[in-house]
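Biologist: I would like to learn how the words used for a protein model are earned. Could we take them one at a time?

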Amino acid sequence: MNPECTVERRKAIQLGGAIALGARSAFVGTYRDTGPPKTGPAERPEPLPPITGRNHVFGYGSLIQRESRTSTWPEAEKAAPAVVRGISRGWYDRVDTVSWGPTYLGAVPMKGATCNGVVFSVTPEELRAFARRESGYRLTRIPSRDIAMLDGSKSPPVGTVWYFANVTRRYPSERFPIVQSYVDVCLDGCLENEDSYPEARASQFAKEFIRTTSDWQTPWFNDRIYPWRPFVYVPRANAIDTLIRDELGEKLFGEITLPRR
């Protein structure tokens, strides 16, 4: 990741969520586990495949939430829930920085896996601009046959659906924990889709998000503002906490801690 990407992610968290995308395609290569985070020069940007015609992004993390999505692309207000085969989502994405920072959601191709998220339209220029900010990822195409829409559509939108796939996997650590403010954005977006789309609600979209995400673990910090009254700042806080406790268990839920100074 480059410094610009670091700034973009910090800005997105301040606005209500950080940026996280995902997908699968013929352009996908192998990923590698790299252990400790890199803090040196930015990785060389992945070469982009040809981008022409109609294009769409599959967002599988914070971009599921409308507020987070439109903080990057104001025109991206409309997005449709979907399930994609062949993508495995997990807590192993990290921005290269010398400062403390969170671990984000990432995705890699995996046969037999599924991942839910949203599909929304972008212009070729918007897609290229986002790819420049997301250096270190691989822009990949999702075959239409692997996409099942949950908005009542019988097929995905016409054009190419892309996502940004991880080429490395770096897991949560004391310096780069999972943070509740980011979890809140993702799950709030899932509940938002359940409120708007009957098919998403019938599929238990929010629970499926948790179930199809790997590497839930500590360190996990509850960094909500004034966490003893979280509903003031996160209206769906109780619903989100109930989802986390019921799907991941009382033990892990009880190990979520407040940030230490």
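Biologist: What makes Ser 155 buried, exposed or partly exposed?

Modeller: Keep in mind that this is a predicted model. The relative accessible area of Ser 155 is 46%. Buried means under 20% and exposed means over 50%, with partly exposed in between, so Ser 155 is called partly exposed. Ser 155 sits in the loop between strand S6 (147-149) and strand S7 (160-165). Its C-alpha atom and that of Ser 144, 11 residues apart along the chain, are separated by 7.9 Å.

Biologist: Why is the pair Asp 184 and Arg 224 called a salt bridge?

Modeller: The rule asks for a side-chain nitrogen of Lys or Arg within 4 Å of a carboxyl oxygen of Asp or Glu. For Asp 184 and Arg 224 the N to O value is 2.6 Å, so by that cut-off the pair is a salt bridge.

Biologist: What makes this pair a tie between parts of the chain?

Modeller: Asp 184 belongs to helix H4 (residues 180-196), while Arg 224 belongs to the loop between strand S11 (220-221) and helix H7 (237-248), so the salt bridge ties together parts that are 40 residues apart in sequence. Both Asp 184 and Arg 224 are buried.

Biologist: Which parts does the salt bridge between Arg 236 and Asp 195 tie together?

Modeller: Arg 236 is in the loop between S11 and H7 and Asp 195 is in helix H4, so parts 41 residues apart in sequence are tied together. The N to O value here is 2.7 Å. Asp 195, at 55%, is exposed, whereas Arg 236, at 26%, is partly exposed.

Biologist: How do you know whether Lys 251 is buried or exposed?

Modeller: Its relative accessible area is 65%, and the cut-off for exposed is over 50%, so Lys 251 counts as exposed. Its salt-bridge partner is Glu 255, at 2.8 Å from N to O. Glu 255 has 33%, which makes it partly exposed.

Biologist: Which residues do salt bridges with shared partners join into one network?

Modeller: That network is made of Asp 184, Arg 224 and Asp 241. By the rule we used, the count comes to eight salt bridges.

Biologist: How do you know that the span of H7 is close to what is expected?

Modeller: H7 has 12 residues, and its first and last C-alpha atoms are 16 Å apart; the value expected at 1.5 Å a residue is 16 Å, and the two are close. Just after H7, Gly 249 takes a positive phi of about 100°.

Biologist: What makes the buried residues of H7 line one face?

Modeller: The buried ones are Ala 237, Ile 240, Asp 241, Leu 243 and Ile 244. Looking down the helix axis, they fall within an arc of 155°, so they line one face of H7. They pack against H4, helix H6 (205-211), S11 and helix H8 (250-254).

Biologist: Which residues touch the most other members of the largest nonpolar core?

Modeller: Phe 58, Phe 120 and Phe 209 do, in a core of 60 residues. Strand S4 (residues 104-122) gives the largest share, eight residues. In soluble globular proteins, nonpolar side chains tend to be buried together.

Biologist: And how many helices and strands does the chain have?

Modeller: There are eight helices and 11 strands. Of the 261 residues in the chain, 54% are buried.

Terms used
Residues numbered from 1 in each chain as written. Predicted model: local features only at pLDDT ≥ 70, side-chain atom pairs only at ≥ 80, totals over all residues. Heavy atoms only, no water. Helix = DSSP H or I, 4+ residues; strand = E, 2+ residues; numbered from the N terminus. Buried < 20%, exposed > 50% of the residue type's maximum accessible area, 1.4 Å probe, protein only. Core = buried A, V, L, I, M, F, W, Y, C linked by side-chain atoms within 4.5 Å. Expected span 1.5 Å × (residues − 1). Arc of directions from axis to C-beta. Contact = heavy atoms within 4.5 Å.
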